[in-house]
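User: I've got a structure to go through before I set anything up. Can you walk me through the side-chain packing and the charged pairs?

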Amino acid sequence: MGDPATIAARIRRWENGPQGPVTLELYPTLVCNLSCSFCDTTLRHQKPTDELSDLRLIEIVEEAAALGATRLFVLGGGEPLVRRQATPAVMRRAKELGMEGILTTNGTIFPPGFVDQLLHTGWDEVHVSVDGPTAAIHDRLRGQAGAFDKTVKHLCRLNVAKQRAGLEHPRLALHFVLTNQNHRTLSDMVRLAHALGCFRVDFDALIAYQPEQQALQLSDDERAEVPALAREALQLAESLGIATTLANFLDPRKLQRGTTAPEAPTVTGDPFKDAPCLKAWHYLVVQADGRTSPCCVLAGEGSSVSDTPVQEVWERSAFLERVREGMLAGDPLPRCRECSPNILAHERVIASHL
């Protein structure tokens, strides 16, 4: 998630004028080869429209780096590796610019030469979405038979290549969305992560917009079960040396996103420290069509960088300014209720370094 102290120092310098983002989060596409029932990107079944060109994607990375961005996070409302040429090219350019690189993927598509590129360019992390420790659970949630086997095969292939090359990178992590189909598998997910050579598992709560997502929500009885299951899995993860976000699952109130607006933990009189979220000062998300936002929850609501320089949008976008002003006033946008506790926890750590 980036070094909190470094991010805090960049934010503090805003008192002297606009500073560039620390992290660029780039969505090469909204197209996906899977059909996940819990996916919160409702455009996933439509054909791509107005996607940025390969060249413009690379230019955006270059412009962000020139503003001081040190991290590129490649993911998307779809599967980034659906763009088999553009996404590897963007990743390669980011490493040429000295940026830290993180990729989130469903793990089913590894283009020819992709594993070698990850190793030889020094790519930092690959986060893979896995929503069950077995094919039966994962494939049902992902909407495609065979998805689990493809993902595990690619992770094993990457891990073996790392070992043969004597490399520690890229580090591997799993991402898991809690539903009523998998809530009893937390410890098994930790075991799977250990077997696959992963250093972390990010466990996240479900956000439900559509009926198919709402059908996956935990019942009251299931929600009551989760803290004990999370505690058991957390103990196992600690014994295996695997980092997790399971601490958020110890509180049943955090198992349903969309109900509580983010709040500053304390009131200090310092506008930045008292802001419920600081992302609008250090994080820029660029959607597949160029539209921008300071986070994934608000993705696509701001101005476009499709034909406007990144600096102009970052410093003068009316939407970004509205988000910043609202945060300084302790009044986040209504959609901020949908934010993940994992993200808000990191923002609070950043605030502690201000």
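Analyst: What follows covers the nonpolar cores, the aromatic rings and the salt bridges, and it should be read with the caution due to a predicted model.

User: Let's start inside. How many residues does the largest nonpolar core have, and which of them have the most contacts?

Analyst: The largest nonpolar core has 89 residues, and those with the most contacts inside it are Leu72, Leu174, Leu186, Phe203, Leu246, Phe249 and Leu278. The largest share of this core comes from helix 9, which supplies six residues. Apart from it lies another core, of 10 residues, among them Ile137, Ala147, Val177 and Leu216.

User: Take leucine 72, then. What is it in contact with, leaving aside neighbours within four places in sequence?

Analyst: With those neighbours set aside, leucine 72 is in contact with Leu24, Leu26, Val61, Val90, Ala94, Met99, Glu100, Gly101, Ile102 and Trp123.

User: Leu186 was in that list too, and I see a helix there. Which residues of helix 7 are buried, and what do they pack against?

Analyst: Helix 7 covers residues 186–195, and its buried residues are Leu186, Ser187, Met189, Val190, Leu192 and Ala193. These buried residues pack against helix 6, strand 5 (171–177), strand 6 (200–204) and helix 9 (220–240). Glycine 197 follows helix 7, and its phi is positive, near 75°.

User: While helix 6 is on the table, is threonine 151 buried or exposed, and what does it touch?

Analyst: Threonine 151 lies in helix 6, which runs over residues 147–165, and it is buried because its relative accessible area of 2% falls under the 20% cut-off. Not counting residues up to four places away in sequence, threonine 151 touches Asn106, Gly107, Thr108, Val128 and Val130.

User: Switching to rings. How many aromatic pairs are there in the whole structure?

Analyst: A search of the whole structure finds five aromatic pairs. In one of them, the rings of tryptophan 14 and tryptophan 314 have their centres 6.1 Å apart and their planes at 65°, so this pair is edge-to-face. The pair links distant parts of the chain, 300 residues apart, with tryptophan 14 in the loop between helix 1 (4–12) and strand 1 (23–26) and tryptophan 314 in helix 10 (residues 310–316). Both tryptophan 14 and tryptophan 314 are buried.

User: Which others should I look at?

Analyst: Phenylalanine 272 and tryptophan 281 form an edge-to-face pair, at 5.3 Å centre to centre and with 85° between the planes, and both residues are buried. Elsewhere, ring pairs link Phe176, Phe203 and Phe249 into a cluster, and Phe203 and Phe249 are also among the residues with the most contacts inside the largest nonpolar core.

User: I care about cation placement for the force field. Where do charges sit over rings?

Analyst: The charged end of lysine 279 sits over the ring of tyrosine 283, 3.5 Å from its centre. Arginine 324 lies over the face of tryptophan 314, at 4.8 Å from the ring centre.

User: And what does arginine 324 meet in a salt bridge?

Analyst: The side chain of arginine 324 meets that of glutamate 321 in a salt bridge with an N to O distance of 2.7 Å. These two residues are three residues apart in helix 11 (residues 318–328), so about one helical turn separates them. At 3% relative accessibility arginine 324 counts as buried, whereas glutamate 321, at 29%, counts as partly exposed.

User: How many salt bridges does the structure hold, and which one ties together different strands?

Analyst: The structure holds 21 salt bridges. One of them joins the side chains of arginine 71 and glutamate 100, at 3.2 Å from N to O. Arginine 71 lies in strand 2 (residues 71–74) and glutamate 100 in strand 3 (residues 100–105), so the pair ties together parts that are 29 residues apart in sequence. Arginine 71 is buried, with a relative accessible area of 5%, while glutamate 100 is partly exposed at 27%.

User: Last one: what about arginine 93, and where is there a network?

Analyst: Arginine 93 and glutamate 96 meet through their side chains in a salt bridge of 3.1 Å, N to O. Arginine 93 is partly exposed, with a relative accessible area of 24%, and glutamate 96 is exposed, at 53%. As for the network, salt bridges link Arg12, Glu15 and Asp270.

Terms used:
Residues are numbered from 1 along each chain as its sequence is written. This is a predicted model: local features need pLDDT of at least 70, side-chain atom pairs count only at pLDDT 80 or more; totals for chains, interfaces and linings use all residues. Side-chain values use heavy atoms; hydrogens and water are left out. Helices (H or I, at least four residues) and strands (E, at least two) are DSSP runs, numbered from the N terminus. Buried means under 20% relative accessible area, exposed over 50%, partly exposed in between (1.4 Å probe, protein chains only). Contact means heavy atoms within 4.5 Å. Rings of Phe, Tyr and Trp (its six-membered ring) pair if their centres lie within 6.5 Å; planes under 30 degrees apart count as stacked, over 60 as edge-to-face and the rest as tilted. A charge sits over a ring if NZ of Lys or CZ of Arg is within 6 Å of the ring centre and within 35 degrees of the ring normal. A nonpolar core is a set of buried Ala, Val, Leu, Ile, Met, Phe, Trp, Tyr and Cys residues joined through side-chain atoms within 4.5 Å. A salt bridge is a side-chain nitrogen of Lys or Arg within 4 Å of a carboxyl oxygen of Asp or Glu.
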